[in-house]
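Here is a short briefing for anyone who wants to look at a ligand and its surroundings. Have the viewer open, and take the points below in whatever order suits you.

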Amino acid sequence: MKVKIVKGDITEIEADAIVNAANSYLEHGGGVALAIVKKGGYIIQKESREYVKKYGPVPVGGVAVTSAGKLKAKYVIHAVGPRYGLEGEDKLEEAIRNSIRKAEELRLTSIALPAISTGIYGYPYEICAMKMAKVIKEEYKNLKHLNMIIIALYSEEAYRIFVEILEREL
Ligand code: ADP
């Protein structure tokens, strides 16, 4: 299992699935979610609405899957992270864990994750990085198909913090 930390736009990454930092209603109006729909196409928003109509809102910590439209990825795994101060860190852990487990369940070999909950939802990068390290350490032994986890950080600051924490913790 390889973990790669990259600085840049997650929509450009060639992985079987990319993870979106979504809200429960899968309305992709800002941040990484908007970037994904802008580049992947309206089909991603359309399938998201159909999902919510059929199954209801995605709980905090949960995930939902759609196709990836024009993106290089095959799937978008929409993970609902917690809002800082309102919902706990355990939910951030769950969102990361459920994303990885969903990719494995779909028999994918690679997944790219953004720093879930660290934008509009306000979590510090440090907490997200610690949770990523914890979940990867706990999950990697159970992975048969997934052999590459890419963490895509948008800002220089996020990249620096993630490299520091993951190099120490993994
Ligand atoms: P949340 O609501 O979960 O906080 P955001 O989309 O606001 O989700 O932010 C999550 C993280 O994704 C932030 O660190 C933000 O800087 C980063 N981000 C925004 N756009 C992109 C992108 N195109 N690729 C990768 N990361 C991105």
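The notes below cover the ligand, its polar contacts and the pocket. Please keep in mind that this is a predicted model. The ligand occupies the largest pocket, and the protein buries 90% of the 560 Å² that the ligand exposes when taken alone.

**Around the ligand**
- The shell around the ligand counts 15 residues, and V32, S117, T118, G119 and I120 come nearest.
- Sorted by class, this shell holds nine nonpolar, five polar and one charged residues.
- Helix α1, which spans residues 31-40, gives the most to the shell, with three residues.

**Polar contacts to the ligand**
- On the side-chain part, an N or O atom in the side chain of D9 is 2.9 Å from a nitrogen atom of the ligand.
- On the backbone part, a polar backbone atom of I10 is 2.9 Å from a nitrogen atom of the ligand.
- S117 brings in an oxygen atom of the ligand, which lies 2.9 Å from a backbone N or O atom of this residue.
- For the burial that goes with these contacts, the ligand taken alone exposes 560 Å², and the protein buries 90% of that area.

**The pocket itself**
- If you are setting up a grid, it may help to know that the largest pocket has a volume of about 590 Å³.
- Its lining is made of 29 residues, and those nearest the centre of the pocket are A21, G31, V32, A33 and G119.
- By class, the lining of the largest pocket has 16 nonpolar, eleven polar and two charged residues.

**Which elements line the pocket**
- Strand β2 (17-22), helix α1 and strand β6 (148-153) each supply at least two residues of the lining of the largest pocket.
- Helix α1 has the largest share of that lining, with four residues.
- Helix α1 also gives the most to the shell around the ligand, so to speak a handy place to begin browsing.

Terms used. Residues numbered from 1 in each chain as written. Predicted model: local features only at pLDDT ≥ 70, side-chain atom pairs only at ≥ 80, totals over all residues. Heavy atoms only, no water. Near = heavy atom within 4 Å. Polar contact = N/O pair within 3.5 Å; in protein donor to acceptor, adjacent residues only side chain to side chain. Areas by Shrake-Rupley, 256 points an atom, 1.4 Å probe, with all protein chains shown as cover. 1 Å grid on protein atoms, 1.4 Å probe; cavity = no way out; pocket = protein on both sides within 12 Å on 5 of 7 lines; lining within 4 Å. Sits in = over half its atoms within 2 Å of the grid points. Nonpolar A, V, L, I, M, F, W, Y, C, P; charged D, E, K, R; others polar. Points joined across faces, edges and corners; volume = space filled by probe spheres on them.
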